[in-house]
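Before reading on, please look over the chain shown below and find your way along it. The request that follows concerns one small part, and the answer starts there before moving outward.

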Amino acid sequence: MTALTLKNVNKSFGKVQVLHDINLEVEDGEFVVFIGPSGCGKSTLLRVISGLEDATSGEITIGGDVVNMVPPAKRGIAMVFQSYALYPHLSVKANMALGLKQEKQPKDEIEARVAEAARMLSLGDYLDRRPSELSGGQRQRVAIGRAVVRKPKLFLFDEPLSNLDAALRMNTRIEIARLHRTLDASMVYVTHDQTEAMTLADKIVVLRDGRVEQVGSPMELYNNPANQFVAGFLGAPSMNFLPAGLVGGASDTTIGIRPEHIRLSDTGRLKAAVSHVENLGGDTNVLVELADGTQMTVRLFGQHNVAPDEAVSVDFDDADTFHFGASGERLRDATVLATDALQS
């Protein structure tokens with residue numbers, strides 16, 4: 001049985017359509033991440049799944065039951081928001097137990113579930129504290145714990161780490177991944193951060209303008225993007241794009257090449273000038289500008305003595321390139337194009 005099925009889901013606000021014919025399946029125990037730029041519809045889609053927004057058309061199934069007309073509290077879901085949404089006058093324990101009390105669960109059951117969630121999330125020492133006495137990361141763990149105790153059919157996360165600093169984001173991300181493995185739970189997670197998507201997801205759903213651009217595992221999308229938008233959205237630093245004509249290709253096509261596949265070379269085919277250098281310790285990102293003004297990022301392993309305004313040459317293997325048409329559609333790989341050219 002699938003945990004979540006969306007069939008031809010559309011959502012409009014008045015005359016403005018924000019979700020277009022969404023079809024998706026989330027398997028039992030799967031961690032699925034919705035990602036895309038601001039305004040792509042990812043949070044709206046999550047709210048439609050939760051019942052906080054009604055679908056204009058289409059069918060939503062959770063745990064085998066069609067839930068279009070079912071209120072959020074009866075859908076068997078638990079949501080974690082970026083704002084924590086904790087009650088400031090209640091203790092950690094009371095915040096985590098509140099939903100179970102509203103469901104009129106037995107007291108012993110409530111105590112057992114809260115204790116187990118506190119153990120999973122390392123909150124045992126904080127159960128008597130109030131939210132104001134906790135750090136941001138601890139508050140988010142309480143919000144996650146409140147969802148865990150309900151044992152839902154489906155967890156929904158709406159950008160839960162966006163209010164945390166970089167170190168806390170990484171730590172909490174690891175905790176969420178560990179929690180998923182421990183619970184073997186079905187989770188749908190919304191983020192604009194592609195690092196979160198790549199490190200957490202079993203399956204990524206890339207959205208743009210309310211439409212699904214591509215669905216697949218992180219490495220499938222990274223290594224085999226369906227179009228130029230997906231290719232450029234996943235990866236840090238992002239993929240470089242340059243006119244194919246610069247290297248003898250068709251003038252109406254674009255070449256994509258990831259920064260880690262570019263090298264500095266004394267005899268490289270493209271001459272450039274260094275515009276900026278990011279020394280990261282373990283890596284060095286070298287930003288260069290070609291003669292026609294095209295900007296490229298070269299990702300080098302380790303530390304390199306490269307300075308701004310330095311003249312350099314860059315090169316890459318054709319087998320590592322992606323080709324895209326004028327409208328951004330993915331064309332066949334460069335190696336296939338080269339073979340076709342030799343045979344014609």
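Q: Could you look closely at E30: which residues does E30 touch, not counting residues up to four places away in sequence?

A: This is a predicted model, in which local features need pLDDT of at least 70 and side-chain atom pairs count only at pLDDT 80 or more, while totals for chains, interfaces and linings use all residues. Residues are numbered from 1 along each chain as its sequence is written, and side-chain values use heavy atoms, with hydrogens and water left out.

Leaving out residues up to four places away in sequence, E30 touches E25, H180, A185, S186, M187, D202 and K203, where a contact means heavy atoms within 4.5 Å. E30 itself is found in the loop between β2 (16–27) and β3 (31–35); strands are DSSP runs of E with at least two residues, helices are runs of H or I with at least four, and both are numbered from the N terminus. E30 counts as buried because its relative accessibility is 14%, and buried means under 20% relative accessible area, exposed over 50% and partly exposed in between, with a 1.4 Å probe and protein chains only.

Two of the elements that these contacts reach are helix α5 (residues 166–183), whose span includes H180, and strand β8 (residues 187–191), whose span begins with M187. Strand β8 pairs with β7 in the parallel sense over four bridges, and two strands are said to pair if DSSP finds at least two bridges between them. Within this pairing, V190 in β8 is the bridge partner of D158. The chain goes from β7 through helix α5 to β8 in a β-α-β crossover that is right-handed; that is, with the strands pointing away from the viewer, the path from the first strand over the helix to the second runs clockwise.

Strand β7 (residues 154–158) deserves a look of its own, as five of its five residues are buried. Its two faces are both covered, with L154, L156 and D158 buried on one side and F155 and F157 buried on the other. Strand β6 (residues 77–81) runs parallel to β7 and is joined to it by five bridges, and in this pairing A78 stands opposite F155.

Another part of the chain with buried residues is helix α2 (92–102), where V92, N95, M96, A97, G99 and L100 are buried. The cover over these buried residues of α2 includes α3 (107–120) and α4, and just after α2, K104 takes a positive phi of about 60 degrees.

For a contrast with E30, consider D292, which is found in the loop between β15 (283–290) and β16 (295–301). D292 counts as partly exposed because its relative accessibility is 43%, and its contacts, not counting residues up to four places away in sequence, are with P243 and L246. The C-alpha atoms of D292 and A319 are separated by 24 Å, and these residues lie 27 apart along the chain.

Finally, the protein chain as a whole gives these details a setting. The protein chain has nine helices and 18 strands, and 47% of its 344 residues are buried. Among the contacts between residues at least 6 apart in sequence, 62% join residues at least 24 apart. Taken along the principal axes, the C-alpha atoms fill a box of roughly 75 × 45 × 35 Å.
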